[in-house]
Amino acid sequence: MGEEKKTKVAVWPTIKPFVNGGVSGMLATSVIQPIDMIKVRIQLGQGSAAHITTTMLKNEGVAAFYKGLSAGLLRQATYTTARLGSFRILTNKAIEANDGKPLPLYQKALCGLTAGAIGATVGSPADLALIRMQADATLPAAQRRHYTNAFHALFRISKDEGVLALWKGAGPTVVRAMALNMGMLASYDQSVEFFRDNVGLGEAATVVGASSVSGFFAAACSLPFDYVKTQIQKMQPDAEGKYPYTGSLDCAVKTLKAGGPFKFYTGFPVYCIRIAPHVMMTWIFLNQIQKLEKSYGL
């Protein structure tokens, strides 16, 4: 009986960062989903945020803003579980190696880059399903895939295009995730130390302030990669079976030639509004979950 209890105690600290990360990400996604839908449609060239919102409400109804929610939740259950969990494991190991001292920013950035790559690799299939479900209504009727939910999308993609197609666009997805998590994770830990130790803010103000900084850097670092990733994942072959881009680098070069560097920041205000609050709420939910667990002795 004693050995069983010890096993449970030993297992929980290991899986806790992963469980907490996934739950906090799923809660944040449930709130942010409508803004994410608008962001995707802006990147697909359907107009301004106001125009898209009005058109969607008029033609598709409120439910259209939550199309792809199941894929979004699945993405958080895989991607955010892996990235936040692995980031905390990596930083804890690094702090141990640093004799318990706070890590310098570059080490936090390296942990963020690694955690982002791990999370994106695990979550890429769900991310592909999410993009396709959100973009489906923008396609001509003959090209629509009519996925009913995330698992139906994953099944259809595997059946129609092969299992490896689930990782279509995984290259830019991983690179984008590395950029986002470098900005998000490293800046959060650094900001917590600054606001708590240098400014002397309380816990709530520290979490909100650090979350805001984290959200800004996550958006600024990741949007160009997000734009390329979205273009790769939603592209369709032409009448001759050729795709518009051969890969992420080709997409980046053609985009740069056609629209200049600012083309990569198409939809930045909405993207920033979507990314920053999602990052903030993820950290705030995570903080509240940790406080709840602490109150129960977990």
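This report walks through the repeats, one helix crossing and one salt bridge in the structure above.

The model is predicted, so local features need pLDDT of at least 70, side-chain atom pairs count only at pLDDT 80 or more, and totals for chains, interfaces and linings use all residues. Residues are numbered from 1 along each chain as its sequence is written, and side-chain values use heavy atoms, with hydrogens and water left out.

Let's start with the repeats. An unreviewed UniProt entry places "repeat: Solcar" at residues 12-93, 103-194 and 202-292; such annotations may be inferred rather than shown by experiment. Here are two of these stretches, with helices (H or I, at least four residues) and strands (E, at least two) taken as DSSP runs.

| Residues | Helix | Strand | End C-alpha atoms apart |
|---|---|---|---|
| 12-93 | 83% | 0% | 17 Å |
| 103-194 | 74% | 0% | 13 Å |

Now for the crossing. Helix α7 (residues 203-234) and helix α8 (residues 248-259) have axes that come within 10 Å and cross at roughly 110°. Axes here are lines fitted to C-alpha atoms over the stretch in contact, with angles from 0 to 180 degrees between N-to-C directions. That makes α7 roughly perpendicular to α8 (65 to 115 degrees). Which residues of α7 and α8 make the contact? Tyr227, Val228, Gln231 and Ile232 do so from α7, and Ser248, Cys251, Ala252 and Thr255 from α8, where contact means heavy atoms within 4.5 Å.

Finally, the whole structure has ten salt bridges (a side-chain nitrogen of Lys or Arg within 4 Å of a carboxyl oxygen of Asp or Glu). One of them joins Arg132 and Glu161 at 2.6 Å, N to O. This pair links distant parts of the chain: Arg132 sits in helix α4 (residues 105-135) and Glu161 in helix α5 (residues 150-161), 29 residues apart.

Conventions. Parallel < 35°, antiparallel > 145°, perpendicular 65-115°, else oblique.
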